[in-house]
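Below are some notes for a colleague, set out as numbered points to be read beside the model.

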Protein chains: 2
Amino acid sequence: MPGEREIISKLRQRAQAADNVIVGIGDDAAVLGGDACDLLLCSDLTVEGVHFRLDWADPRVIGRKALAVTLSDIAAMGGTPLTGLVSVALPPGVSSDLIDGLFEGIFEIAGRNRVTIVGGDTSLSPGPLFIDTVLMGTCLKGRAIRRSGAHKGDRIYVTGRLGASTLGLRLLEQGVRLGRASETERQAIIKHLSPDPRIDFGSLIATGELATSMIDISDGLSTDLGHILEECGCGAVIDANAIPVAEPVRALALDPLRLALHGGEEYELLFTARPENHERIIDCSSKTSLPVSLIGEIVQGKGIRLMRDDVIEGIEPQGFEHVF
Amino acid sequence: MPGEREIISKLRQRAQAADNVIVGIGDDAAVLGGDACDLLLCSDLTVEGVHFRLDWADPRVIGRKALAVTLSDIAAMGGTPLTGLVSVALPPGVSSDLIDGLFEGIFEIAGRNRVTIVGGDTSLSPGPLFIDTVLMGTCLKGRAIRRSGAHKGDRIYVTGRLGASTLGLRLLEQGVRLGRASETERQAIIKHLSPDPRIDFGSLIATGELATSMIDISDGLSTDLGHILEECGCGAVIDANAIPVAEPVRALALDPLRLALHGGEEYELLFTARPENHERIIDCSSKTSLPVSLIGEIVQGKGIRLMRDDVIEGIEPQGFEHVF
């Protein structure tokens, strides 16, 4: 039973190089060389029973999130989404209301991000509901920000506040629902169900050439930082006190830092930048009203070390990986 | 329980117009205006238990077909495929051999068609194996051939020979397998499992501006011709004796014409053209060694009429539609 990373690694080896492919398998989105600008291409699966349960929320919320996670991939490249495809496989007997709600959510978040849905496919599913969302986006020539590219001495930044999505997921799994949750619980559940892709911020960072590498936090800060480190062959030191822990996590979690470090599905941006760009990064944060935290530094060596009140400990990525 | 056409019709209404979208939801592929050329974008779902069964063939064959049907969508626009994404949801415990075989087939047909696989997604599936294949292609500016565009007096053409795919499917469902099939059965099963997308022919037709409308036969000649007629508001007269019936169908089917008229998953091209282009179309057929048959004419009115030894009868589309 191979893991997701093993599969992707094999596919990367198998994929042929082509003239127009600037970035292929293994980043948040592929980058294709265009004439006036470069094209971005990416897709995400959302599977009932794996990524969501129908009793957790309105179909509209599920549709919205299905496209949101793909928008986040475009954000992680610093791109602007343009056009989308949506493929859905529907269990027999599924109601018109569910289908309408699902697509309402997809079209709602598409519209808000000026994305036109231009096609896709529909099929019967003998099992759960499956959604595959595909986006084509664009970015200025040569400005797409990859996972690779970080250097020793770069600073490490993260947008937003972390940990609430996994907390929200746990609450949902424990039976808490939006209608009968406390205000704090509600915030966590909303962070899980309605992530807000950081398109504008990502695009400002790319346009200003402010980052050396970028990724969105889908598997967890520790795991996704691990992806950046793998690509550049460096290590990282993270300041535990600088990690922005979300309010509901501070209020409700037994070990808030653990959730913030390892919790997945945040869809915040994690990026590295030269120290001299700090002011301009803070400027992007102000312009988009999105908090940005400087949490550490890229260093020589391997792996992630966590600095916690003068004690330094190595930490292992503990985020999410599908194993089949 | 809505049908596939009802869903697509609703989505078409909902989709917003955008400046760069030349063709949106409802054709074989979307067409996006580019600088030097136009871009094509399309996707297809392949679901275990709906589109294939794992005991029918080697995983390599299943992977190959998953991408072949999307290549056929690009062929139906007259385009050239360039870049692909593949998303797969895998049941727990699936073997490495199955995954390797699946991707081997996908990369094999991608390579043969000069397509680079640049990304996708993998997920666990709590149900069947699920594949979504996405292609981006290109065509000369303004040359993509839509489903709409047929006119009264246009001739109707079809590539290849029809009916064998559905015959092959029935044989597989009856338990016949490639290893222990007669030569005639084998031909039908191969047509079903290994469709050959008509990329080169479609591209020649588009480059020469030889067709007024085009579609690939995925749902059956009667149904897919119905799509062309719906778009142009015309009818069609088809000559039963001109319909190219595949050899295994003549040999094994009780009603060969019925299979050729209504059988789906042929992935042949069905197109309409002005009479004066006939010689040039035959020329494309010779250049690609692909048989092309003139089967009828677009006429005023509605629906399809079948001419059979001087008797004309109306026929209803009886091809495939997913109903949920």
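1. Is B:Thr138 buried or exposed? In this predicted model, B:Thr138 has a relative accessibility of 15%, and because buried means under 20% relative accessible area, B:Thr138 counts as buried.

2. As for its surroundings, B:Thr138 belongs to strand S6 of chain B, which runs over residues 130-140. Leaving aside residues up to four places away in sequence, B:Thr138 touches B:Cys37, B:Asp38 and B:Leu40, and also B:Gly79, B:Thr80 and B:Leu82. With B:Asp38 there is a polar approach as well, since a polar atom of the B:Thr138 side chain lies 3.2 Å from the backbone oxygen of B:Asp38.

3. Turning to the helix H7 of chain A (residues 221-232), its twelve residues should span 16 Å at 1.5 Å a residue, and the end C-alpha atoms are 17 Å apart, which agrees. Ten of the twelve residues of H7(A) are buried, so the helix is largely enclosed by the rest of the structure; among them are A:Leu221, A:Asp224, A:His227, A:Ile228 and A:Cys232. Just after H7(A), A:Gly233 adopts a positive phi of about 65°.

4. On the arrangement of the chains, chain B is superposed on chain A by a rotation of 180° with 0.0 Å of shift along the axis, at an RMSD of 0.0 Å, and that is the relation of a two-fold axis. In chain B, the C-alpha nearest this axis belongs to B:Gly127, at 2.3 Å from it.

5. The interface fits the same description: 100% of the interface residues of chain B are also interface residues in chain A, so the copies meet through the same surface.

Definitions and conventions:
Residues numbered from 1 in each chain as written. Chains lettered and ligands numbered in written order. Predicted model: local features only at pLDDT ≥ 70, side-chain atom pairs only at ≥ 80, totals over all residues. Heavy atoms only, no water. Least-squares fit on C-alpha atoms with pLDDT ≥ 70 in both. Contact = heavy atoms within 4.5 Å. Helix = DSSP H or I, 4+ residues; strand = E, 2+ residues; numbered from the N terminus. Expected span 1.5 Å × (residues − 1). Buried < 20%, exposed > 50% of the residue type's maximum accessible area, 1.4 Å probe, protein only. Polar contact = N/O pair within 3.5 Å; in protein donor to acceptor, adjacent residues only side chain to side chain.
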